[in-house]
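Colleague: I'm new to reading protein models. Could you walk me through one, feature by feature?

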Amino acid sequence: MSDRHQTRQPVLQLERLVRTHGSGATEVHALRGIDLAVHPGELVAVMGPSGSGKSTLLTLAGGLDTPSSGRVLVEGTDITTASRKQLASLRRRSIGYVFQDYNLIPALTAAENVALPLELDGTSARKARVAALAALAEMNLGVLADRFPDEMSGGQQQRVAIARALVGDRRLVLADEPTGALDSETGESVLGLLRSRCDAGAAGVLVTHEPRFAAWADRVVFLRDGSVVDETLRSHADSLLSGQAGIQ
Amino acid sequence: MSIRHGLLALLERGPRYGSQLRTEFESRTGSTWPLNVGQVYTTLARLERDGLVAPDGEDAAGHTLYAITDTGRAELREWYERPVDRANPPRDELAIKLAMAVGSTGVDIRAVIQSQRHATIRAMQDYTRLKATALAALESGQARERDDVAWLLVLEQLIFQTEAEARWLDHCEARLVRLSLTADRRAAAPEPPQAAADDAPAPTTTDRPRTARTRRA
């Protein structure tokens, strides 16, 4: 799987990323030099015990926090040296977030929520709505277009949040425990949607402590105490089931 | 795993011959538990000896067919009704390995846990990919319903099983870390009650009196 991505530029690249909070005796090393590249078409899960740096990694990748050292490249642009204005525009155009509690704006319909990042970026309201409806339709969410968040289930809201994260040309979706508030069946379907958006060319980073959801990823990265201690690649499923992998 | 009852269940749908039973067994379970044709014939011979199946002539190509008997049907019904025995859990190599690693010198138990977690999550990734394919086939209606639903259930069982293992490994690691912290604290502060009570970072200002908390660091 990864061979396919090697030739293309990563959508997200973290280089020797360090984040330290405080100094002296109370210094806390949240991240101790992380390297990670996420290519188009790839979903990477980040797992680790609480306090291992998972969420710090995600906030740095999205430009919500600044690293102590190291670089964060999104579509080739270093967001750690970008101006505030550049960063804001990059966040609107290139980076989509999905949070545990959906974060849809309650006063806007699903379509308006999805259109919002485009409108903020200067697209006309009419064009933004067309793009939002297209994004919703592509994810089989068309029927939700005119509903308000409180008229949708948690799973529906989270699917709309994924549509918002990837509307327009955005190709990077950063998801922080997106299934945390959902029952396991609904969580599965949200992960299935995230997976299919990555299969369609997006790049995704998923922070989760649920092995079952991490298993949807192409790669699982294990963090501990701010460092990557291990990572898995997907093997060929067929060999696993032909008896070579030792299933009795 | 009960090959006996698996074969009886397939024969309940009508007479079949040996290699046909093998193929059908595997398409239901996605070849998760491959059978060889020898096992199928040995099992058929035992079922025949016990009066649960009986030879039922040959098909056009000359294969010997077997049919389920009334005794076989009763046995099958009883199998479905009886819960699988959980009284004697099968030996679990991983549990034995971790049990042996506790306190062994020269073994880094956290490394043992991580290498297993790697393998377990990787297996889950594979099962999940297969599941996504199976679901897509079912939803698009291209699937041969019965076999594909059966295969999906088997796959999901594998996912739940590996998930339980991954969670247990996380738990083991957390448990060991917690126990070793408690042991360290006990060594550092012989009067345990206050020492273990507070997880807040110890204040480092020098004008405060030293307490059990600061001594811990």
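**Where the chains meet**

Modeller: Sure, and keep in mind that this is a predicted model. Let's start with the interface: chain B and chain A bury about 2,600 Å² between them, with 58% of it on carbon and sulfur atoms.

Colleague: Which three residues of chain B supply more of the area it buries against chain A than any other three?

Modeller: Those are Gln125(B), Asp126(B) and Arg129(B), and together they supply 24% of the area chain B buries there. You can also count residues: 27 of chain B are in contact with 27 of chain A.

Colleague: How many salt bridges cross the interface of chain B and chain A?

Modeller: The rule finds five. Try Arg129(B), which pairs with Asp218(A); their closest N and O atoms are 3.9 Å apart. That counts as a salt bridge because the cut-off is 4 Å. Polar contacts are listed too, and nine residue pairs make them across this interface.

Colleague: Which helices of chain B supply at least two residues each to the side that touches chain A?

Modeller: Helix H6 (109–139) and helix H7 (145–188) of chain B. The largest share comes from H6(B), with 16 residues. Sorted by class, that side of chain B has eleven nonpolar, seven polar and nine charged residues.

**Two helices packing**

Colleague: How do I describe a pair of packed helices?

Modeller: You give the angle between their axes and the distance between the axes. Take helix H1 (residues 3–11) and helix H4 (residues 70–81) of chain B: they pack at an angle of about 115 degrees, and their axes are 10 Å apart.

Colleague: Is the crossing of H1(B) and H4(B) left-handed or right-handed?

Modeller: Left-handed. On the H1(B) side, the contact is made by His5(B), Leu8(B) and Ala9(B), while H4(B) brings residues including Trp79(B) and Tyr80(B). The contact residues divide into five nonpolar, two polar and one charged.

**Salt bridges overall**

Colleague: How many salt bridges are there over all chains?

Modeller: A search of the whole structure finds 30. Look at Arg93(A) and Asp121(A), whose closest N and O atoms are 2.7 Å apart. This pair links distant parts of the chain, 28 residues apart: Arg93(A) sits in helix H3 of chain A, and Asp121(A) in the loop between helices H4 and H5 of chain A.

Technical notes:
Residues numbered from 1 in each chain as written. Chains lettered and ligands numbered in written order. Predicted model: local features only at pLDDT ≥ 70, side-chain atom pairs only at ≥ 80, totals over all residues. Heavy atoms only, no water. Contact = heavy atoms within 4.5 Å. Buried area = accessible area lost by both parts, 1.4 Å probe. Salt bridge = Lys/Arg side-chain N within 4 Å of Asp/Glu carboxyl O. Polar contact = N/O pair within 3.5 Å; in protein donor to acceptor, adjacent residues only side chain to side chain. Helix = DSSP H or I, 4+ residues; strand = E, 2+ residues; numbered from the N terminus. Nonpolar A, V, L, I, M, F, W, Y, C, P; charged D, E, K, R; others polar. Axes fitted to C-alpha atoms, helices over the stretch in contact; angles between N-to-C directions. Left-handed = near helix turned anticlockwise from the far one by under 90°.
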